[in-house]
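User: Got a model open here and I'd like to talk through how its helices pack. Can you walk me through it?

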Amino acid sequence: MATSEILQDKEAGTGTHPKRLLLWLMMISITMIFAAYTSAYIVRREEGNWLEFDLPGGLLYTTVVILLSSATMQWAYFSAQKDEVRRAQIGLFLTFVLGLVFLVGQWNVWGDLVENKIFFGGVDANPSGSFLYVLTGVHGFHLITGLIFLLIVLRKSLNYQVHSRQMLSIGNATIYWHFLGALWLYLYLFLLLNH
C-alpha cells in the first residue's frame, strides 16, 4: 500500500484523517447545541405558563423512518466494504429517499401543530409549542446537511470512488447519519418524557 493511500484514511501521527476529526468536532458541537436547547426547555417549563398538548402522532412515524434510514445506510457501508458498489449505491439512494420522507413527515407534523392552534410565534404562541418547532426545525436543518453529504457520497459511488480501498467518505457519511438518527431518537424520547 502506497504512503498516499495510507494518508488518505489517516493523518500521520494522529491515526485519524482530518476530515474524520472535523466530523467528530462538528458532532460534538451539535450535541452541545441540543443539550442547551433541552436544558432550556426544562428550565422554561418549570417557570409556568406552559401549554400542555399531545405530541403529534407523526413524530412516531418519522422516528420509524429515520431508524429505517440508519439500516439502509449501514447496508450501504457494508456493501462498499465488500466492493459491492451497486448495492452501496442502492443503499445510499434508499437512505436519501428515507431522509426526504422524514423531512416531509416533519413538515406534516408542523401542519398538525398549526391545525391545533399551536404556533411558533405571535400573540397566540406558547413556549411549549415554540420549543417543539425549534427542536424539530434545527434537527431538520442538520438532516438537510446530511442529505447533501449523502448526495456527494452517492456521486462518488457512481464514479466508482467508493469501495473497500476508499471508505473515508462513506464512513464519514455513515457516522454522521447514525448520529442524526440517535439525536432524533434522543429528542423524541425527551419530548415524550418531558412534554
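User: What angle do the axes of helix α4 and helix α5 cross at?
Analyst: Roughly 160°, with the axes of α4 (residues 85–115) and α5 (residues 127–158) coming within 10 Å. That makes α4 roughly antiparallel to α5 (angles over 145 degrees count as that). Axes are lines fitted to C-alpha atoms over the stretch in contact, and angles run from 0 to 180 degrees between N-to-C directions. Helices are DSSP runs of H or I, at least four residues, numbered from the N terminus.

User: Is the crossing of α4 and α5 left-handed or right-handed?
Analyst: Left-handed, as the near helix is turned anticlockwise from the far one by less than a right angle.

User: Which classes of residue make that α4 and α5 contact?
Analyst: 20 nonpolar and 9 polar residues, and no charged ones. Gly counts as polar, Asp, Glu, Lys and Arg as charged.

User: Now α3 and α6, how do their axes cross?
Analyst: Also at roughly 160°, coming within 10 Å, where α3 is residues 58–81. The two are therefore roughly antiparallel, and α3 passes α6 in a left-handed crossing.

User: New topic: which residues form the nonpolar patch on the surface?
Analyst: L67, L185, L189, L192 and L193, with about 470 Å² of accessible area together. Helix α6 (residues 168–194) gives the largest share, 4 residues, and L185 is found in α6. Patch residues have over 30% relative accessible area (Shrake-Rupley, 1.4 Å probe) and no salt bridge (Lys or Arg side-chain nitrogen within 4 Å of an Asp or Glu carboxyl oxygen), with nonpolar side chains joined within 5 Å.

User: Any caveats?
Analyst: The model is predicted: local features need pLDDT of at least 70, side-chain atom pairs count only at 80 or more, and totals for chains, interfaces and linings use all residues. Residues are numbered from 1 along each chain, and side-chain values use heavy atoms, leaving out hydrogens and water.

How values were computed: Angles under 35 degrees count as roughly parallel, over 145 as roughly antiparallel, 65 to 115 as roughly perpendicular and the rest as oblique. Patches are made of residues with over 30% relative accessible area and no salt bridge: like charges are joined within 9 Å, nonpolar side chains (Val, Leu, Ile, Met, Phe, Trp, Tyr) within 5 Å.
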